[in-house]
Amino acid sequence: MNQKQTPQSVPAAEFEVTDDVSDHASHLFLPEYLAAYSAGLKKSQMSDSASRRSRFFHICQMLQLTRGIPGSTAEAGVFRGLSSYLICHYLRREISTFNGETHFMIDSFEGLSPPVEKDGEFSAKRHSEGAFTRTSLEHVRETLSDFSGVNILKGWIPDVFGRLPQQNYRFVHVDVDVYEPTLASFRYFFPRLSPGGIMMCDDFGPWAGNKWAGCIGAVNEFANEMGVVYAVLDTGNVMFIKR
Ligand SMILES: C[S@@+](CC[C@H](N)C(=O)[O-])C[C@H]1O[C@@H](n2cnc3c(N)ncnc32)[C@H](O)[C@@H]1O
């Protein structure tokens, strides 16, 4: 967990990076987050990675920023339930009786939908390897067993959206990796965000070697189509704010 990253030169920068990124990682100094994350790892049976740990930290931080904004929360792309576990943990900090009723989780539980040309070779390879198939609705129900009221919808995006209730959202996390469901999720959720609500997306980068090209394409296409701006966080997650 505390593996140090070797300082290295940055191709586009005219200076040598001399410090260690982990020295500045705020989450490493927040025991409450680390405790929740480590409980989530155990429940979901996922392993730690520095990238996952800090990406999910940002999800929790942005979720907290939407406190008091009306609406439900949702996650498109759940896999084994780790990020949804953290979302529910932080919602319970707001309301101690929170039991998951206003959190909606959507996944095929059969892996990625078929990539299209815009997704590029990496996604095609991951799809053919059966990435993200080692999960099930039952596994996620168990991961989220501390929040017995959560809504778990098994199905393919976008068809599964038809089964969601008509409602507004305060916070949505989109993490489906490939172009078509990412864009479809943005188009579904963003218009339903309450003012001040936040929609985040994973896997954007743009770090050197980012391989989820379809996700980058979907973010840019959506931003152009809606005339909205987004911010890319240091960990590669993107955030849109509804004004
Ligand atoms: C990176 S994983 C999600 C990781 C998760 N947020 C976590 O806590 O670790 C991506 C998920 O998107 C799901 N997915 C991809 N395409 C989908 C689609 N068209 N419909 C529903 N789920 C999809 C996959 O089944 C996979 O579980």
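## Sheet

Seven strands make up an open sheet with mixed pairing, and their order across it is β3-β2-β1-β4-β5-β7-β6. The two edge strands are β3 (151-154) and β6 (231-232), each of which pairs on one side only. The model described here is a predicted one. In general, the strands of a sheet pair through backbone hydrogen bonds, in either a parallel or an antiparallel manner.

Within this sheet, strand β1 (residues 72-76) and strand β2 (residues 103-107) run parallel and are joined by 4 bridges. Alanine 74 has phenylalanine 104 in β2 as its bridge partner.

## Helix across the sheet

Helix α2 (residues 50-65) lies across three strands: β4 (169-174), β5 (193-201) and β7 (238-241). With respect to β5, helix α2 runs at about 175°.

## Contact of α2 with α3

Helix α2 also meets a helix, α3, through residues of both elements. The axes of α2 and α3 come within 10 Å and cross at roughly 35°, and the crossing is right-handed. On the α2 side the contact is made by Phe56, Ile59, Cys60, Leu63 and Gln64; on the α3 side it is made by Ser83, Leu86, Ile87 and Tyr90. By class, these residues are 7 nonpolar and 2 polar, with no charged residue.

## Contact of α1 with α3

Helix α3 (residues 82-94) is also approached by helix α1 (residues 31-44), with axes that come within 9 Å and cross at roughly 135°. The two helices are therefore oblique to each other. Helix α1 passes α3 in a right-handed crossing.

From α1, the residues Ala36, Tyr37, Gly40, Leu41, Lys43 and Ser44 take part; they meet Leu82, Tyr85, Leu86 and His89 of α3. The contact of α1 with α3 holds 6 nonpolar, 3 polar and 1 charged residues. Leu86 of α3 is listed in the contact with α1 and in the contact with α2.

## Contact of α6 with α7

Helix α6 (residues 179-189) and helix α7 (residues 213-226) have axes that come within 8 Å and cross at roughly 30°. This angle makes α6 roughly parallel to α7. The crossing of α6 and α7 is right-handed.

Tyr179, Thr182, Leu183 and Phe186 are the α6 residues in this contact, and they meet Gly214, Cys215, Gly217, Ala218, Glu221 and Phe222 in α7. The contact of α6 with α7 divides into 6 nonpolar, 3 polar and 1 charged residues.

## Ligand surroundings

There are 18 residues around the ligand, and those that come nearest are Gly77, Phe79, Ser83, Ser113 and Pro181. One of these, Ser83, is also listed on the α3 side of the contact with α2. By class, the shell around the ligand consists of 10 nonpolar, 5 polar and 3 charged residues.

## Backbone exceptions

Most residues other than glycine have a negative phi, and most peptide bonds are trans. Two sites in the loops depart from this pattern. Glutamine 45 is not a glycine, yet has a positive phi of about 60°; this residue is found in the loop between α1 and α2.

The other site is the peptide bond joining isoleucine 157 and proline 158, which is cis with an omega of about 10°. Proline 158 is found in the loop between β3 and β4.

Conventions:
Residues are numbered from 1 along each chain as its sequence is written. This is a predicted model: local features need pLDDT of at least 70, side-chain atom pairs count only at pLDDT 80 or more; totals for chains, interfaces and linings use all residues. Axes are lines fitted to C-alpha atoms, for helices over the stretch in contact, and angles run from 0 to 180 degrees between N-to-C directions. Angles under 35 degrees count as roughly parallel, over 145 as roughly antiparallel, 65 to 115 as roughly perpendicular and the rest as oblique. A crossing is left-handed if the near helix is turned anticlockwise from the far one by less than a right angle, and right-handed if clockwise. Two residues are in contact if their C-beta atoms, placed from the backbone, lie within 7 Å. Ala, Val, Leu, Ile, Met, Phe, Trp, Tyr, Cys and Pro count as nonpolar, Asp, Glu, Lys and Arg as charged, and the others, Gly among them, as polar. A residue is near a molecule or strand if its C-beta atom, placed from the backbone, lies within 6 Å of it. Two strands pair if DSSP finds at least two bridges between them.
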